[in-house]
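Trainee: I'm new to this one. Could you take a close look at a single part with me, the salt bridges, and then tell me what else is worth seeing?

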Amino acid sequence: MTHGAATTARQWQVLSQLERGRWVGTAHIFDQLNMAGFEVSLRTVQRDLNALAKRFPIEKNNANPQGWRWREDAPLQSLPHMNLSQAVAFNMVEANLTQLLPPAILDELFPWFDLARRQLKDSKVSHTWLDRVRIEPATQPLIAPAIKASCKDDIYQALFHQRQILATYTRRSQPEPSQYSLHPLAIVQRGVVIYLLASRVDDPEAIVRTFALHRFENVEVLDLLAITPDGFDLDSYLDDGGMGFAHPLFSQLPDRGKQTQVTLHFKQSAGKSLTESQLSHDQKVVIHDDQTMTVTATVNLTSQLVWWLRGFGSGLIDAQPELLYQAVTQEMP
């Protein structure tokens, strides 16, 4: 990199550290420059700031140590700039959330993802924070099924713009694909599988159905408005046992077991993790002298809860209500 280009890159990094409405000290800017790989003196940073103040709407105060900021009347900067904290955040968004973002948003974010990668490439942060942070699933990790990219993009576009789709889809129970006209309603990721919630255009009852994205073979976005069934709310749908979370035994309970107080009796060695990660905000834990513990909490009775409790094996001694313990201990078909 030439001297002039290096100076421009460094000064652009200096500008990216400044904020509107909050003073940023020169020592902080100096530290951030060094983390980004610019080995300069504090005096150079001060000279850069004074030079930039002649060309950009930035100002300094008379404090000791001195602070700098964008002036209140400064227009929003149209050129992309990003400090190291923002670069780390964009890098983690790219790594963990791009599967759920629609193409219209991803197209706008890709330049920022690229800028974040370049910002972190030579910085010391890339060898500290990013190498020491991971998101690990709490369950057995599985390999995500392959999704046809064109189908995924079209589904997300239709959902984003509230348009109907004409889709070729193969259900798990059928050997041959079928064609469906759908009203897209929501996207839900369950484990590594992404599902489209939709109602069929030819269904007068507008029943909400689930479609795994990896089973779509072709999707056409139609210029027809997608209609949301009356009363549909994604959170309510999931809380009420959508996505196969409902358990048949709990249909006997009021409101299908929604918001039910449960009492779980564990061996202390098995249930001790619940003293750190709670089942609910009203959870209470009682430790007994016989190396057992009792946990009370208000939760939704679901298949997920049943499978989770089965994972404790003999570490779970008892559970109330009785139907919950019956679901946990009954033989699987």
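Mentor: Here is a walk through the salt bridges, followed by a short stop at the sheet. First, a word on the ground rules: this is a predicted model, where local features need pLDDT of at least 70 and side-chain atom pairs count only at pLDDT 80 or more, while totals for chains, interfaces and linings use all residues. Residues are numbered from 1 along each chain as its sequence is written, and side-chain values use heavy atoms, with hydrogens and water left out.

Let's start with Arg 10, which sits in helix α1 (residues 3–16); helices here are DSSP runs of H or I with at least four residues, strands are runs of E with at least two, and both are numbered from the N terminus. Arg 10 counts as buried because its relative accessibility is 12%. The cut-offs, taken with a 1.4 Å probe and protein chains only, are under 20% relative accessible area for buried, over 50% for exposed, and partly exposed in between. Setting aside neighbours within four places in sequence, Arg 10 touches Leu 33, Phe 38, Val 40, Thr 44 and Asp 48, where contact means heavy atoms within 4.5 Å.

The last of those names, Asp 48, also makes a salt bridge with Arg 10, with the closest N and O atoms 2.6 Å apart. This pair ties together distant parts of the chain, since Asp 48 belongs to helix α3 (residues 42–52) and Arg 10 to helix α1, 38 residues apart. Both Asp 48 and Arg 10 are buried. The term salt bridge asks for a side-chain nitrogen of Lys or Arg within 4 Å of a carboxyl oxygen of Asp or Glu, and by this rule there are 5.

Another of them joins Arg 200 to Asp 202, at 3.2 Å from N to O. Arg 200 is partly exposed at 26% relative accessibility, and Asp 202 is exposed at 55%. Then there's Arg 209 with Asp 203, whose closest N and O atoms are 3.1 Å apart. Here Arg 209 is partly exposed at 28%, whereas Asp 203 is buried at 13%.

Now for the sheet. It is open, with 3 antiparallel strands in the order β1-β3-β2. β1 (24–25) and β2 (58–60) are the edge strands with a single partner each, so one side of each has no neighbour in the sheet. Pairing requires DSSP to find at least two bridges between two strands, and 2 bridges join β1 to the antiparallel β3 (residues 67–70). Across that pairing, Gly 25 stands opposite Gly 67 in β3.
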